[in-house]
Structures are given as structure tokens and as C-alpha cells.
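Subject: Structure for your review

Dear colleague,

Please find the structure below, together with its sequence. I would be grateful if you could read the notes that follow with the model open beside you.

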Amino acid sequence: MSYGRSFPLWRDAAPDWAAYTRHPFVEGIADGTLPRAAFLNYLVQDYLFLIHFARAWALAVTKADTVEEMRACAGTARALLDDEMRLHVETCAAAGIDRATLRAAEERPATIAYTRYVLDAGHAGDVTDLLAALAPCVLGYGEIGARLAVEAGDTPYRDWIETYGGTDYQNLCAEVGALIDGALARRLGDRPEESPRWPSLCHRFATATRLEVGFWEMGLAP
């Protein structure tokens, strides 16, 4: 499934993209070798991450120029809160980690660094800066989920793979890709890669990608 025209250009300009989407943490999900404790620790931090991520998408609503952009950003925030976070809550609950424990968990430095970077991108710049910082997470997970849905064997992490490789999330990625393309065209023209702002947006995307790598590394840490 295509995630738009701009995403591949940003992805190809991000030196750490393969390190993110094919990280040992991801491959451990695919083949089932990832320790369960590492996965649960990651889910707890990702739950906290998604709270801030939803706030960033809500911020995008205030940065949007059109009602259509506002609806798309609000819909993504709703999908995070209502759908994606449910996977975290249900998986953790099955392991004896209730919602109160999730909420009370302490954010690790990698979580703080990534979430605050994204929020700062939104507060300091316009909606294109914010979307460039948001895109690696949304679209990267879509790319990972689509690949693992085909390649992964018998793994205890099938629910995670089906969440991100499934139709609902893949449709969300296509909508986000279209949102990004439209936002860039409205502000930078039909050839945004020729705009003087393009390198800074690529840098935003690449930095967020590097922070994704750090998030996986945190997941593998003791």
C-alpha cells in the first residue's frame, strides 16, 4: 500500500531508516525470539509514548489550515487513543500489569527525548514540521507491520503484527500519507522537494527516525 509521494523521499533521506525498521527488536518480534519481559517493558513505555503522541496529533489540529486537515489529524489522534492503545492495555493486563500501573510507570529517557522532540517540533514550527516529526512512527510501524504480516512465522507476537499490518492501520497510514502530501503541496507547492524548506523537513524526519532506533534500544535494555 502506498503511503504517499513524500514519505519515500523522506525515508530515503533518513540514514537510520533500515536500523529502525529492521532493528533486532523488530526481528525478535518476527521470529518470536524477543524475550517477553523486553516486550512488556517496551509496551509500558510505548503506552506512555502514545499519550504524548496523541497530544502531538491534537496539536496538529490547531496548526492545520483547512477543515479537512483538522479532521485527518483529529481522526489519527482518535485512532491512537481508541485502537492502538487498546493493544497495549489488553496485552499488559493479560500479563498482570493493570491500567493504573501503566499510568504510574516512570518515563525512561528515550521516551522523554522522543516525545518532547515531536512536541517541540510542533510548537516551534508549522504543521509540516510537526508532520515530518510524526511520520516515522506512524508510517514506519505501518511498513514494519506490512512486512512482518508476510514474513513472520509462528510467533507469540502475532497480535502486535496484526495490529500494525492489518487493514485498519494500513488504511490509517495511507490517510496520513495523503495528509502529508496535501499539507506540503498547500504550503510548499507541487514540488516540495525543490523548496528551501525541504532539507529542514528531511532533517526533522531523520531525527525522529534516529529517536525510533533509540526507543527499540531501550526495549532491549535490562
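The notes below cover an aromatic pair, the largest pocket and one helix.

Please bear in mind that this is a predicted model.

Aromatic pair

A search of the whole structure returned 22 aromatic pairs. One of them joins W10 and F205 in a tilted arrangement, with 5.7 Å from centre to centre and 35 degrees between the planes. Because W10 belongs to helix α1 (residues 6–12) and F205 to helix α11 (residues 198–220), this pair ties together parts that are 195 residues apart in sequence. Both partners are shielded: W10 counts as buried at 1% relative accessibility, and F205 counts as buried at 0%.

Largest pocket

The largest pocket holds about 370 Å³ of space. Its lining is made up of 17 residues, and those closest to the centre are D83, E84, R86, T163 and D168. Three elements each give two or more residues to this lining, namely α5 (67–94), α9 (158–165) and α10 (167–188). Of the elements, α5 gives the most, with seven residues. Sorted by class, the lining of the largest pocket contains eight charged, five polar and four nonpolar residues.

Helix α7

Helix α7 covers residues 109–124, which is 16 residues. At 1.5 Å a residue, helix α7 should span 22 Å, and its end C-alpha atoms are 22 Å apart, so the expected and modelled values agree. The buried residues of α7 are T111, Y114, T115, Y117, V118, L119, A121 and G122. These buried residues pack against α4 (36–63), α8 (127–151) and α11. Helix α11 is also the element that contains F205 of the aromatic pair described above.

Which residues does G122 touch, not counting residues up to four places away in sequence? They are L59, K63 and L130. G122 is found in helix α7 and has a relative accessible area of 0%; because the cut-off for buried is under 20%, G122 counts as buried. The C-alpha atoms of G122 and T62 are separated by 9.9 Å, although the two residues are 60 residues apart along the chain.

When you open the model, you may wish to begin with the W10 and F205 pair, then turn to the lining of the largest pocket, and finally follow the buried residues of α7.

With kind regards

Definitions and conventions
Residues numbered from 1 in each chain as written. Predicted model: local features only at pLDDT ≥ 70, side-chain atom pairs only at ≥ 80, totals over all residues. Heavy atoms only, no water. Phe/Tyr/Trp six-rings, centres within 6.5 Å; stacked < 30°, edge-to-face > 60°. Helix = DSSP H or I, 4+ residues; strand = E, 2+ residues; numbered from the N terminus. Buried < 20%, exposed > 50% of the residue type's maximum accessible area, 1.4 Å probe, protein only. 1 Å grid on protein atoms, 1.4 Å probe; cavity = no way out; pocket = protein on both sides within 12 Å on 5 of 7 lines; lining within 4 Å. Points joined across faces, edges and corners; volume = space filled by probe spheres on them. Nonpolar A, V, L, I, M, F, W, Y, C, P; charged D, E, K, R; others polar. Expected span 1.5 Å × (residues − 1). Contact = heavy atoms within 4.5 Å.
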